[in-house]
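Dear colleague,

I am handing over the structure below, and after it you will find my notes on what was found. Please read them with the structure open beside you.

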Amino acid sequence: MKKEASKTFRTFAVELAVYAVLVTCYFFLVLHFLGEWLFHLETQHRVIYALVAILLIAGQAVALDAVTTLLFRLLRRLWR
């Protein structure tokens, strides 16, 4: 049982590290490409800014989960 728990913890730690890198990359990409537009939107149209921010958060969750899942499926095939 300990061996299985250790393997699960190791997999979780690797997945967490990969997801952290992807979230950081996503943040800097959004900041680079949409930062100025979001700033102007926030100062001029707060309601639209709030909707766009919520959509960006939801999009991040869906996209990064899909990328992480795909990446780990490929890695599991290579590890077997």
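Let me begin with Phe12, which counts as exposed because its relative accessibility is 51% and the cut-off for exposed is over 50%. Please keep in mind throughout that this is a predicted model, and that the values below are computed from it.

Phe12 has its place in helix α1, and together with Phe9 and Leu16 it makes a nonpolar surface patch of about 360 Å². Helix α1 itself covers residues 2-44, and at Leu34 it bends by about 70°.

Other residues of the same helix are hidden from the surface: Val30, Gly35, Leu38 and Leu41 are buried in α1. If you wonder what the buried residues of α1 pack against, the partner is α2, which spans 46-79.

Two residues of that second helix are worth looking up in turn. Thr68, which is found in helix α2, has a relative accessibility of 3% and therefore counts as buried, since buried means under 20%. When residues up to four places away in sequence are not counted, Thr68 touches Glu15, Tyr19 and Leu22.

Trp79 is also found in helix α2, but with a relative accessible area of 57% this residue is exposed. Its C-alpha atom is separated by 30 Å from that of Phe27, and the two residues are 52 residues apart along the chain.

With best wishes

Terms used: Residues numbered from 1 in each chain as written. Predicted model: local features only at pLDDT ≥ 70, side-chain atom pairs only at ≥ 80, totals over all residues. Heavy atoms only, no water. Bend = angle between axes of the 7 residues up to and from the residue. Helix = DSSP H or I, 4+ residues; strand = E, 2+ residues; numbered from the N terminus. Buried < 20%, exposed > 50% of the residue type's maximum accessible area, 1.4 Å probe, protein only. Contact = heavy atoms within 4.5 Å. Patch = residues over 30% accessible without salt bridge, like charges linked within 9 Å, V, L, I, M, F, W, Y side chains within 5 Å. Areas by Shrake-Rupley, 256 points an atom, 1.4 Å probe, with all protein chains shown as cover. Salt bridge = Lys/Arg side-chain N within 4 Å of Asp/Glu carboxyl O.
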